[in-house]
Amino acid sequence: MRLMNMLSAAALAVALLSAPAALAMEQAEQVKLLATIDDRQRNGGDYKAMVYLEQKEKGKADLVYELVVYRRDADDKLMMLFTKPKAEAGKGYLRLDKNLWNYDPNVGRWERRTERERIAGTDSRRADFDESRLAEEFDPSYEGEAKLGKYTAHVLNLKVKPNVDVAYPVLKLWVDKESGNILKQEEYALSGRKMRTALYPRWKKMFSESKKDNVWVPEEMRIYDEVEKGNSTTILIKTVDLRPLEANLFTKAWLESKSR
Amino acid sequence: MGHFRLLLQVAFRNLFTSKINLLIGGIIFFGTLLVVVGGALMDSMDSAMSRSIIGSIAGHIQVYSDDSKDPLALYGSMSGEPDLAALDDFSQLKPFLEKHPNVRTVVPLGTSSAIITSGNTVDLTLSRLRELYKTRDDAGETPALRENIDSVKGHVRQMVELMAAQTAKSEQELGGGANKDPAEVEALARARTDAFWDTFEQDPYGALELLENRIAPQIPDGDMLELRYAGTDLDAFQRTFDRMEIVDGQAVPTGQRGMLLSKLFYEEFLKLKSALRMDHIKQQRELNQKTIATDPELQRWVKENQTQTREIIFQLDPLKTREMVSRLQKLLGTQEAGLEPLLTRFFTLDDDNFDTRYAQFYAELAPLLELYRLRMGDTLTITAFTRTGYMQSANVKVYGTYQFKGLEKSAMAGALSLMDLMSFRDLYGYLTADKKAELAAIQKQSGLTALNREQAEEALFGEDSGVLVAEAASTDIDDRAAFLGAEETLKRDDLLQRVYSQQEIEQGVALSAAVMLKDPEQLEQTMAELRQAAKDAGLKLRVVSWQEAAGIIGQFVLLGKLVLYFAVFIIFVVALVIINNAMMMATLQRVREVGTMRAIGAQRSFVLGMVLVETLVLGLVFGAAGSLVGSGFMAWLHSTGIPAGNEALYFFFSGPRLFPSLSASNLVAAFVIVLGVSAISTLYPAFLATRVSPLQAMQTDE
């Protein structure tokens, strides 16, 4: 009886000690989860995507664009170039180091913009088009598991690391437990005010020659403005081209040369 | 008749015999004086204000689309830019309005606002350098261009040195560069090396990118300004609106794109801040008699000039810096070698040295400085939200500055710059049928269905949603289309040179039409007739007077008038009460006299007549005296003018001085009013007088 008591006490102790481990995720594991999300979306070489961008605002006509997004993930470079509508063609953004430059061929001028720039007047931000850098920019904490529609998701709270400039310093992520893709992302200001909610209902998986592995692409992003209720942006990544790009593509001179 | 003569005799006999009559006469005298002078001043101000607004931009009548959501507000309203529907084609509206016999001219207008941004000083200098290299690539190097490139390069190198010095200084003050990004420190160190500058020419664009991306962001960002402008046919505008005058530069050449900045905007927002603060101090000292010793605002400006010297230091190239140092050394009689401490010393101002320093600043220092961020002939990049929601930028050449006479100091009128109609239309971005179809096609091609926030999560992640991950393959993307548009917009330099025909200017969108009349007296009638004509022609137009169109300024004029009318009304009420009381006293004093007259047979009507005629005679005599003195006073004011002591008066006077004039109507009105008031205030005392019975009068003790 005494032995039985001891055994059951030991079993209880083991169960109690292991319970938090089963529920929570180790800090290292959380970082690893973020790193995996980042890594899956990163292509070792270059990346070019044809993107449709749409903004809906209450009481206003919709804004629609088509643009080409160029990325060189190896050295953190990004360029976005608008192709449609005709009046917008040739306008673009170029990210060099920590600068986000805006270029308008109508006036031939470069202007430095911030991380909070509303890309082409929509609710999207630079980070929505860029390489995923969650592990590099944020510190995670685990909140638990939750159902999101038919999916079971890990819910993580992310806080920006010191001296990193991002559009929103606090994020809440729903990551699909099964496939490891982000399903939903809520973005908060430092004050705790909810600013945007982004939903990622469709992902594309494709093999990359340069990476020698699969690359995951969020095919559809639905972004809802939580401050100006009723405003929303949708980003559709229509096609992706993983072939190498011109070497000097990510320079001001290159973009200017195209409008000469 | 004999009866009336008798009454007049009595009245004249009594005119100066009673002290009370003198008191009443005095009140009537001052009352008339006030009405004559006040009325004439009010009329003069009213006509001055009206002239300012009519002659500035409003015209007599404004016509705009009846589909507009907001009323027209040419000077803007509290809630920003009014939401107006466009007049699709001004060239159709113009002949329609000109058909009316009283219409002299019609001018197209459209107001809007936009943002102008500029990078920081380093950004601006670097983009100048980039332009120079591009010119070299296109047209080859000339000795003049080489010299120019070297001079700007020297300037940039000096800026880098200044930034390093400032970083070192702030590190010293704050103790260690704890928060400094190592990449920034490294970049700054690299940009200071001789090696960097020696190899600059081998890859100028590479070197520029380092400076633009790593160095320039290290100093705070540049400015963002809001610019309000009116797009118009600039030639017709200048011919029609006589209050507009060019201050600096020149008019925009006929038919060309270009802009005239408001003088007030140019001074307040584009002038070197240190110089602007000097101007403000001077104005406050002279106009409002403030002193640096007692006024905290003036002290703040002095302090800002002492500490905020960077704007000056950064804009000087090495050569000018040396010159500035030597001039300051001479002026201050010191051997100090640093420009920053020299400037701080120079800007240490008090009431004794201000006038000298002010003169020295403009005579000695200003010639070395760019006093304005924008020179006449420079191009300004303007970015606006178009009607369709897309952003649109345009380069517009600034030819000069202008002001509206009489509204020079009005912050609202001074916020408005003038732009040619072609640039205005580019920035306005009218949604044509073609554009609409293009947008619809792009949207349709996306195959996207709209989902609102409430239904989104269920639709996208619920049981009926599709698969989360799909297999795909890398597809070749042909991005040549991305540059086709860019090639089409290459004409930007040609656009600035192009001369547009009158037909091109008039054919297209405008937001309103300003109408000048031949006979302004028939304003109301003409408006009614134009409304009827529009109705008959099936045009949905709103026709409003200048006062309505001027929005907040129009209301301000109305308010000003109401305040003046109210003041005059109060004066009359007071006069009425005083005259009434005085007459009561006068009547009561004369109870015995009236009683005696009644006893010897005077009728009640005779007594009533006596009192009334007496007051009327009083009113006539003293009223005439008041009018005479008032007219003399107005004649004097008309020749000397009244100075506007502050900005509000400047607006009411429509200029630095008001030269009021007196019209016959002012005199007649004053006379009628004064006589009316005296008659009304006498009615009750006169009625009391008729109630006096002889018995009652005889029983009264002396």
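Here are five exercises with worked solutions on a predicted model of chains A and B.

**Exercise 1. The contact between the chains**

Task: Find how many residues of chain B are in contact with chain A, and work out which elements of chain B they come from.

Solution:
- Start with the count. On the chain B side there are 56 residues, and they are in contact with 64 residues of chain A.
- Next, sort the chain B residues by element. Those giving two or more residues are α4 (121-139), α8 (204-215), β7 (391-404), α18 (433-446), α19 (453-461), β9 (469-471) and α20 (481-488) of chain B.
- Now look for the largest share. It belongs to α20(B), with seven residues.
- Then sort by class. The side of chain B that touches chain A holds 25 nonpolar, 18 polar and 13 charged residues.
- Finally, check for strand pairing across the two chains. Strand β11 (residues 194-208) of chain A runs parallel to β9(B), and three bridges join them. Within this pairing, Lys205(A) has Glu471(B) as its bridge partner.

**Exercise 2. A strand and its two partners**

Task: Decide whether strand β1 of chain A is enclosed or open, and say which strands pair with β1(A).

Solution:
- Go through the strand residue by residue. β1(A) covers residues 46-56, and eleven of its eleven residues are buried, so the strand is largely enclosed by the rest of the structure.
- Recall the general pattern: side chains in a regular strand alternate between the two faces of the sheet.
- Apply that to this strand. Asp46(A), Lys48(A), Met50(A), Tyr52(A), Glu54(A) and Lys56(A) point one way, while Tyr47(A), Ala49(A), Val51(A), Leu53(A) and Gln55(A) point the other way; all of them are buried.
- Take one partner, strand β2 (residues 63-72) of chain A. Ten bridges link β1(A) and β2(A) in the antiparallel sense, and Tyr47(A) sits opposite Arg71(A).
- Look at the turn of this hairpin. Six residues lie between the strands, and Gly59(A) there has a positive phi near 75°.
- Take the other partner, strand β13 (residues 232-241) of chain A. This pairing with β1(A) is also antiparallel, over nine bridges, and Ala49(A) is matched with Val240(A).

**Exercise 3. A lysine in the strand**

Task: Is Lys48(A) buried or exposed, and which residues does Lys48(A) touch?

Solution:
- Place the residue: Lys48(A) belongs to strand β1 of chain A.
- Count its surroundings. There are 23 other C-beta atoms within 10 Å of Lys48(A), and the cut-off for a buried residue is 20 or more. Lys48(A) is therefore buried.
- List the contacts, leaving out residues up to four places away in sequence. Lys48(A) touches Val68(A), Tyr70(A), Asp241(A), Leu245(A) and Ile477(B).
- Notice the chain letters: one of these contacts, Ile477(B), is in chain B.

**Exercise 4. Domains and nonpolar cores**

Task: Work out where the largest nonpolar core lies with respect to the domains of chain B.

Solution:
- Set out the domains of chain B: domain 1 (2-52 + 554-693), domain 2 (67-117 + 224-271 + 386-432 + 492-539) and domain 3 (121-218). The C-alpha centres of domain 1 and domain 3 of chain B are 78 Å apart.
- Find the hubs of the core. Among its 112 residues, Ala58(B), Leu418(B) and Ala513(B) touch the most other members.
- Find the main contributor: helix α2 (residues 19-58) of chain B, with 16 residues.
- Draw the conclusion. Domain 1 and domain 2 of chain B both give residues to this core, so the core lies between them.
- Look closer at one hub. Beyond its sequence neighbours within four places, Leu418(B) has contacts including Tyr229(B), Phe237(B), Met259(B) and Tyr402(B).
- Note a second, separate core of 67 residues, which includes Met50(A), Val64(A), Val68(A) and Tyr70(A).

**Exercise 5. Backbone surprises in chain A**

Task: Which peptide bond is cis, and what is the phi of Asp76(A) and of Ala120(A)?

Solution:
- Check omega. The bond from Lys84(A) to Pro85(A) is cis, with omega near -10°. Pro85(A) is in the loop between β3 (77-84) and β4 (92-96) of chain A.
- Check phi at Asp76(A). The value is near 55°, positive in a residue other than glycine. Asp76(A) is in the loop between β2 and β3 of chain A, and is partly exposed, with 16 other C-beta atoms within 10 Å.
- Check phi at Ala120(A). Here phi is about 50°, again positive although the residue is not a glycine. Ala120(A) is in the loop between β6 (109-113) and α3 (126-129) of chain A, and is buried, with 22 other C-beta atoms within 10 Å.

Terms used
Residues numbered from 1 in each chain as written. Chains lettered and ligands numbered in written order. Predicted model: local features only at pLDDT ≥ 70, side-chain atom pairs only at ≥ 80, totals over all residues. Contact = placed C-beta atoms within 7 Å. Helix = DSSP H or I, 4+ residues; strand = E, 2+ residues; numbered from the N terminus. Nonpolar A, V, L, I, M, F, W, Y, C, P; charged D, E, K, R; others polar. Pairing = 2+ DSSP bridges. Buried ≥ 20, exposed ≤ 12 C-beta atoms within 10 Å, placed from the backbone. Domains from an automatic or database assignment. Core = buried A, V, L, I, M, F, W, Y, C linked by C-beta atoms within 7 Å.
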